[in-house]
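The following note is offered to a colleague who wishes to read this structure residue by residue. The points begin with strand pairing and proceed to the interior and the aromatic contacts.

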Amino acid sequence: MTIDYEKLLNFDIPEVRQAYGPRDVALYGLSVGMGQDPMDLRQIAFADGLKDDVRVMPAIANVLGHPGFWLSDPATGVDATRVLHGEQGMTLHADLPPEGEVIAKTRVTGVVDKGASKGALLYFEKVIREAETDTLLATCRGTTFLRGDGGFGGPDGPVKAPHTLPEGEPDHVFETATRPEQALLYRWNGDPNPLHLDPRVARKAGFDRPILHGLCTFGCAVHALLAVMCDYDPARFGAMDARFTAFVYPGETLRTEIWNDGSFRTRAVERDKIVIGNGLFSRRGQA
């Protein structure tokens, strides 16, 4: 298969309408580490829906209205066996309701040809609106690395420049202990990829055991930023962008290192490996 640049750039990804409620919100919170301190009412509010304090984890926006693995459609021209999630970002425009119905539309925003031996980059965006009021709730964005699809004659730019982290030690550190079965829990947010669940599939892919979903690692970083930069108040959470730099094994400790200007990175402590890099966070309303 070969990519048709104009066809992929304008590929129609079906709109998704999704209803969700307290169970979905609590499951998501638990799957990214909320409730690890059972005495911290701020965490429990994201994981159990306390009657007097129900909070929604901002990162749930990444799984609401998910269009599924649309790149597996042969009409895209993409080699779906060689795609890699490279970057993820999101902006919260309003508070996410604890229950309701959303309409999400995903579209391709750019395709960059890096060359026959270097693959291609696909940039995408998902816009989430409340179904009843049409209120804009969130915009999610990301980059998919198409490892087997370079050299199709498309443009060689523009390429998104990564954020440069400050020099010196971070101002804050927040640790999230992932659990050995965490991928089995996170998959119920809508990602049943066997790479994260089946040790036989993981070994064929070259891993010792199943790896954690990239968006679960991203959610753990959101947890850290929400705690350190927003004091667990989701109304203060604005936007963040980051690059996936390495995989995570369930059971590893994730240490998110944060600078006061919103820069951050996440490290798998046991292997001393940066797994999320070039991160940048801003509070809502912050320029």
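1. Glu125 has Arg141, in strand β5, as its bridge partner. The model in which this pairing is seen is a predicted one. Strand β4, residues 119-130, pairs with β5 in the antiparallel sense, and 10 bridges are found between them. Five residues separate the two strands of this hairpin, and Asp134 there takes a positive phi near 65°.

2. Strand β5 also pairs with strand β2. The latter covers residues 83-92, runs antiparallel to β5 and is joined to it by nine bridges. One of the pairings is that of Leu92 with Ala138 in β5. Strand β5 itself, residues 136-146, is mostly covered, with eight of its 11 residues buried.

3. The interior deserves attention next. In soluble globular proteins, nonpolar side chains tend to be buried together. Here the largest nonpolar core comprises 53 residues, and those with the most contacts inside it are Met57, Met90, Ile128, Phe237, Met240 and Phe264. The element that gives the most to this core is helix α6, residues 214-230, which supplies 12 residues. A second core, separate from this one, has 14 residues, among them Phe11, Ile13, Ala120 and Leu122.

4. Which residues does Met57 contact, leaving aside its neighbours within four places in sequence? They are Tyr28, Val32, Met34, Phe46, Leu96, Gly219, Val222, His223 and Leu226. Of these contacts, that with His223 leads into helix α6, where His223 lies. His223 has a relative accessibility of 2% and therefore counts as buried, the cut-off being under 20%. With neighbours within four places again left aside, His223 is in contact with Val32, Gly33, Met34, Gln43, Met57, Phe174, Thr176 and Tyr232.

5. Helix α2, residues 22-31, should be read together with the preceding point. Its residues Val25, Ala26, Leu27, Tyr28, Gly29 and Ser31 are buried. The cover over the buried residues of α2 includes β1 (16-20), α3, α4 (182-186) and α6. Just after the helix, Gly33 takes a positive phi of about 100°. Gly33 is also one of the residues in contact with His223.

6. The structure holds seven aromatic pairs. In one of them, the ring centres of Phe46 and Tyr232 are 6.3 Å apart and the planes stand at 45°, so the pair is classed as tilted. Phe46 belongs to helix α3 (residues 41-47) and Tyr232 to the loop between α6 and β7 (237-244), so the pair ties together parts that are 186 residues apart in sequence. Both partners are covered: Phe46 is buried with a relative accessible area of 0%, and Tyr232 is buried with a value of 2%.

7. Ring pairs also link Phe207, Phe247 and Tyr249 into a cluster. The ring of Tyr249 has a further partner, for the charged end of Arg209 sits over it, 4.0 Å from its centre. Elsewhere, Arg187 lies over the face of Trp188, and the distance to the ring centre is 4.2 Å.

8. Arg187 appears again among the contacts of Leu197. Leaving out residues up to four places away in sequence, Leu197 touches Ala183, Leu184, Arg187, Pro192 and Pro210. Leu197 is placed in the loop between α4 and α5 (199-204). Is Leu197 buried or partly exposed? With a relative accessible area of 24%, Leu197 is partly exposed. The C-alpha atoms of Leu197 and Ala183 are separated by 6.7 Å, although these residues are 14 residues apart along the chain.

9. A final remark concerns Thr266, which is found in strand β9 (residues 263-268). Thr266 is buried, with a relative accessible area of 1%. Where does the polar contact of the Thr266 side chain lead? Its partner is the side chain of Thr256, at 3.0 Å. Not counting neighbours within four places in sequence, Thr266 is in contact with Ala221, Leu254, Arg255, Thr256, Lys273, Ile274, Val275 and Ile276.

Definitions and conventions:
Residues numbered from 1 in each chain as written. Predicted model: local features only at pLDDT ≥ 70, side-chain atom pairs only at ≥ 80, totals over all residues. Heavy atoms only, no water. Core = buried A, V, L, I, M, F, W, Y, C linked by side-chain atoms within 4.5 Å. Buried < 20%, exposed > 50% of the residue type's maximum accessible area, 1.4 Å probe, protein only. Helix = DSSP H or I, 4+ residues; strand = E, 2+ residues; numbered from the N terminus. Contact = heavy atoms within 4.5 Å. Phe/Tyr/Trp six-rings, centres within 6.5 Å; stacked < 30°, edge-to-face > 60°. Lys NZ or Arg CZ within 6 Å of the ring centre and 35° of its normal. Polar contact = N/O pair within 3.5 Å; in protein donor to acceptor, adjacent residues only side chain to side chain. Pairing = 2+ DSSP bridges.
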